[in-house]
Amino acid sequence: MTAIIANAPRKWQLALRVLEQTGMRTGELGKLEWADVDLAGSRFRIRNGKTNAARRWVAVPEWLMEEIAVICPPDDRTPERRLFVGATRRNGDAARRPGGWTRPLQPARSTASLRERQDPRGVPVTELAAQLGHARKSMTLDTYSHVLLEDA
């Protein structure tokens, strides 16, 4: 994923790094507002998930939160301002627009000669499920068992 991010257009790199480090869904990232950012606690609040598990606080590595804090001056951080300006449009989030998040990734993936994939090995399933907003551990296992069991 590091090679993909490095080859993505600069304006998408921070957003992609957030997706990689947090496991958030692209729609969740696109809807983040500054009201959802806890800089001191180094976390994001996901308010609009479909389930109770999806409505959660997502931990963000401190080094990454420091990079996020730089993208918008403190005086401009109004509660309703989107964290990633341009990540959404009036008709819906980037994940639902054709090419919204995949278009900038395609050339980066080709250049990096990699396929997109997360590596959740070594992370307890309970912790991984909570970070991803899955209501049941079985959902996480159904989704990631091919990676979790690889080379086991």
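This passage describes the fold of the chain, its three-stranded sheet and the setting of Ala69.

The model is predicted, so local features need pLDDT of at least 70 and side-chain atom pairs count only at pLDDT 80 or more, while totals for chains, interfaces and linings use all residues. Residues are numbered from 1 along each chain as its sequence is written, and side-chain values use heavy atoms, with hydrogens and water left out.

The secondary structure of the chain comprises seven helices and five strands. Helices (H or I, at least four residues) and strands (E, at least two) are DSSP runs, numbered from the N terminus. Read from the N terminus, the elements follow the order α-α-α-β-β-β-α-β-β-α-α-α. The chain has 152 residues, and 39% of them count as buried. Buried means under 20% relative accessible area, exposed over 50%, and partly exposed in between (1.4 Å probe, protein chains only). The accessible surface of the chain is about 9200 Å². Carbon and sulfur atoms account for 50% of that surface. Areas come from the Shrake-Rupley method with a 1.4 Å probe; for residues, only the protein chains shown count as cover. Contact means heavy atoms within 4.5 Å. Among contacts between residues at least 6 apart in sequence, 56% join residues at least 24 apart.

Three strands form an open sheet in the order S1-S2-S3, with antiparallel pairing. Strand S1 (37–38) and strand S3 (56–59) are at the edges with a single partner strand each, so one side of each lacks a neighbour in the sheet. Two strands pair if DSSP finds at least two bridges between them. Two bridges link S1 and S2. Here Asp38 stands opposite Arg43 in S2. The two strands form a hairpin with four residues between them. In its turn, Ser42 has a positive phi of about 50°.

On the other side of the pairing scheme, four bridges join S2 (residues 43–46) to S3. Arg43 stands opposite Ala59 in S3, and Ile46 opposite Arg56. In a regular strand the side chains alternate between the two faces of the sheet. S2 shows this alternation. Phe44 and Ile46 point to one face and are buried. Arg43 and Arg45 point to the other and are not buried.

Ala69 lies in helix H4 (residues 62–70). Ala69 is partly exposed, with a relative accessible area of 22%. Beyond its neighbours within four places in sequence, Ala69 is in contact with Trp34, Leu39 and Arg77. Val37 is 32 residues from Ala69 in sequence and 9.5 Å away in space, C-alpha to C-alpha.
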